Amino acid sequence: MTDTGSSIDFASTRPRHERPYDNVVQTIGWTPLIRLNRTAEGIRTPVYAKAEFMNPGGSLKDRIGPAIIEAAEREGRLLPGGTVVEGTSGNTGVGLALAAAIKGYRCIFTLSDKFSQEKVRLLKAFGAEVIVTSAALAPDHPDNYVNLAKRIAEETPNAILADQFYNQANPEAHYRTTGPEIWEQTGGRVTHFVSAAGTGGNLTGVGRFLKERNPAVRIVGGDPEGSILKRYFDTGEKGEAAPFKVEGIGQDKIPGTLDMSVVDEWRTVDDRTALSLARRLTREEGLFAGGSSGLIAHVALQVAQEVDDPDACVVFVLCDTGERYLSKVYSDDWMRENRMMDPARVSAEDVVRGKSAGAPPQLISVAPETPVRQALAFITSHNVSQLPVVSAGDCVGHVSESTLMGRVLENTAVLEQSVQHVMDAPLPVVDGHVELPSVTRLLSKNPAVLVRRGGRLEGIVTRYDVMRYVTNEA
Ligand code: PMP
C-alpha cells in the first residue's frame, strides 16, 4: 500500500489480466483498494475505498447475480430456458442480467419509481423486461415492487425469484469473495470495515469473514436518515421509516440477509452530506460513484478521524458507478430542486444559472454614454436594483436606483447627463467557478459581484440572489 497519492505512477501499477477470460462473469471481483487523498486531508488514519464500481456491470451486485443463479441451478430450481425474476433497485438486476445473458435465461425485473431512469434503461439494454411500480406503496401492498416480483415468479413456469433480501447466496458471495479480497489486499491489517445495508449482503458477508479472521475488526454500518436500521440496532424497536434520496441502502424492514450480530455500530447520515461527498469523491479523487458510496465514505472518514492512528486501516465500499446518477446526484438542477446542494460548493455560475432557470444568462448593463433618464427607466423595466456600466467588455462603474434618484432630486439636469459622470466604482468581477463563500465575502463590501465566463461578463450576483439561492427559491 502506498503512503501518498501525490505520485500517480501509472506505468508500473496497471492491473494484470494476464490471460484471456472465457466470459465477462469471470472478470467480476478483485476490485482495487484505492486510498483517499484530498478528501481525507488532515486525517492520519489511512482510508481505502473498495472500488466495486469497477466490476463489469458497475456495482457490488455483480458478485451476487451469478452466485444466486448458480445456486439455483445446483439446487435444480432453475432449468435451461428458465426465467429469473427480481424486485431490484437496478444494480442486482445488472448482476443477474450479466449471468443470465451468458447462460441464456430470460429476466423480469420490478422497480419502484424512486429509482433513476438510467437504471431502467440499463436493465432494458441487457434485454430484461422491466416493470415500474409506485414507491409510495407500503411494504405489504401486493403491488409493492418486491411483492409484485414474488407473484410473477410464482405465476411464471420454470421461474425463480432471485430473492436477494432472503437468499443466503447473497451474503455468501461477499463472504467468499469481497471479504477475502479485503483481507488479502490489506495484508490482514484492516481494522475497520464500513459499508451500509440494502439487503445487508455486503455488510454481513464481509463482516462475518473479517471477524472470523480477526474478531477485533470493527464493522460499522452507515444508515440514511429516515431508515430504521440504526434505531432497530440501538433500541430493538423498528419505528417508522421516512423517505430519503440516497438509493440502494437503508430500509423500512429488516432483511433476512442482514445479520445484525456482525455489526458493531450504525451511524446515521443525512442525504445532503452523503450526496455532496459523492460529488467530492469524483472531483477530488477521480472516484465516480453513487450516493450510497458518498454516505459510506462520510462514515469511513468520520471513523478514521476519531481513530486517529496511522497504523489503523479503514476500508469502505464504493458501491456503484456515478453514471447511474447523471440525472440526479450529478445534475446541478436536480440537486438544487431537491435542496441537496451544499452552499459551500455552489459556484458563482450556479447562482447566475439558477436565476435564469436554465436559459442562457443575460447581463443587463448600460454603456458609459447612456443618459441617466434611460438608465433609471432600465432599472424600473428590468426590476433590478443596480446596473453595471460596461465599456469594451469591462465593468467601468455601476449605478444604483437609490444613488441616481438622490442625484436627480438634488439637480434635475442630471437626468440628461450620461451615467459616466455620476457612476460609482466598478463592481468586482469573479470567475464563474469561484465558490459561494468567496462571493459572499465580496458582497459584504459591494452591492453586487459580476461573473465572468470564457472571458465574457455573463451575469451579476447580488446579496438577494445568494439568499434566494441558498433558501432554494431561485
Ligand atoms: N448501494 C447501492 C447503490 C445498491 O444498489 C445496494 C444494493 N441494493 C447497496 C449499496 C447495498 O448492498 P447490499 O444489498 O449488499 O446491502
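How far apart do the C-alpha centres of domain 1 and domain 3 lie?

The model is predicted, so local features need pLDDT of at least 70 and side-chain atom pairs count only at pLDDT 80 or more, while totals for chains, interfaces and linings use all residues. Residues are numbered from 1 along each chain as its sequence is written, and side-chain values use heavy atoms, with hydrogens and water left out.

**Exercise 1. Place the domains.**

Solution. Begin with the bounds, which come from an automatic or database domain assignment: domain 1 covers 20-60 + 170-337, domain 2 covers 62-161, and domain 3 covers 348-473. The C-alpha centres of domain 1 and domain 3 are then found to lie 46 Å apart.

**Exercise 2. Trace the sheet of 6 strands and the helices that pack on it.**

Solution. Helices (H or I, at least four residues) and strands (E, at least two) are DSSP runs numbered from the N terminus, and two strands pair if DSSP finds at least two bridges between them. The order in this open sheet is S1-S2-S10-S7-S8-S9, with mixed pairing. Its edge strands, each pairing on one side only, are S1 (33-35) and S9 (265-269). Neighbouring strands are turned by 30 degrees against each other on average, direction ignored; axes here are lines fitted to C-alpha atoms, for helices over the stretch in contact, and angles run from 0 to 180 degrees between N-to-C directions.

Next, take one pair: S7 (residues 192-196) and S8 (residues 218-224) pair in the parallel sense over 5 bridges, and His 192 stands opposite Arg 218 in S8. Finally, add the helices, where contact means heavy atoms within 4.5 Å. Helix H6 (residues 169-185) touches S1, S2 (47-51), S7 and S10 (314-318), and its direction makes about 140 degrees with that of S2, whereas helix H7 (residues 201-213) touches S7, S8, S9 and S10 and makes about 165 degrees with S7.

**Exercise 3. Describe the surroundings of the ligand.**

Solution. Counting residues with a heavy atom within 4 Å, 18 residues surround the ligand, and the closest are Lys 61, Gly 198, Thr 199, Gly 200 and Ser 292. Then list polar contacts to ligand oxygen atoms, a contact being a pair of N or O atoms within 3.5 Å:

- a polar side-chain atom of Lys 61, at 2.5 Å;
- a polar backbone atom of Gly 198, at 2.7 Å;
- a backbone N or O atom of Asn 202, at 2.9 Å.

Of the 400 Å² of accessible area (Shrake-Rupley method, 1.4 Å probe) that the ligand has on its own, the protein covers 97%.

**Exercise 4. Trace the sheet of 4 strands.**

Solution. This open sheet has the order S5-S4-S3-S6 with parallel pairing, and its edge strands are S5 (129-133) and S6 (159-161). Its neighbouring strands are turned by 15 degrees against each other on average, direction ignored. Strand S4 (residues 106-112) pairs with S5 over 5 bridges, among them that of Thr 110 with Ile 131. Helix H4 (residues 117-125) lies across S4 and S5, running at about 155 degrees to S5.

Methods:
A polar contact is a pair of N or O atoms within 3.5 Å; within protein, one must be able to donate a hydrogen and the other to accept it, and residues adjacent in sequence count only if both atoms are side-chain atoms.
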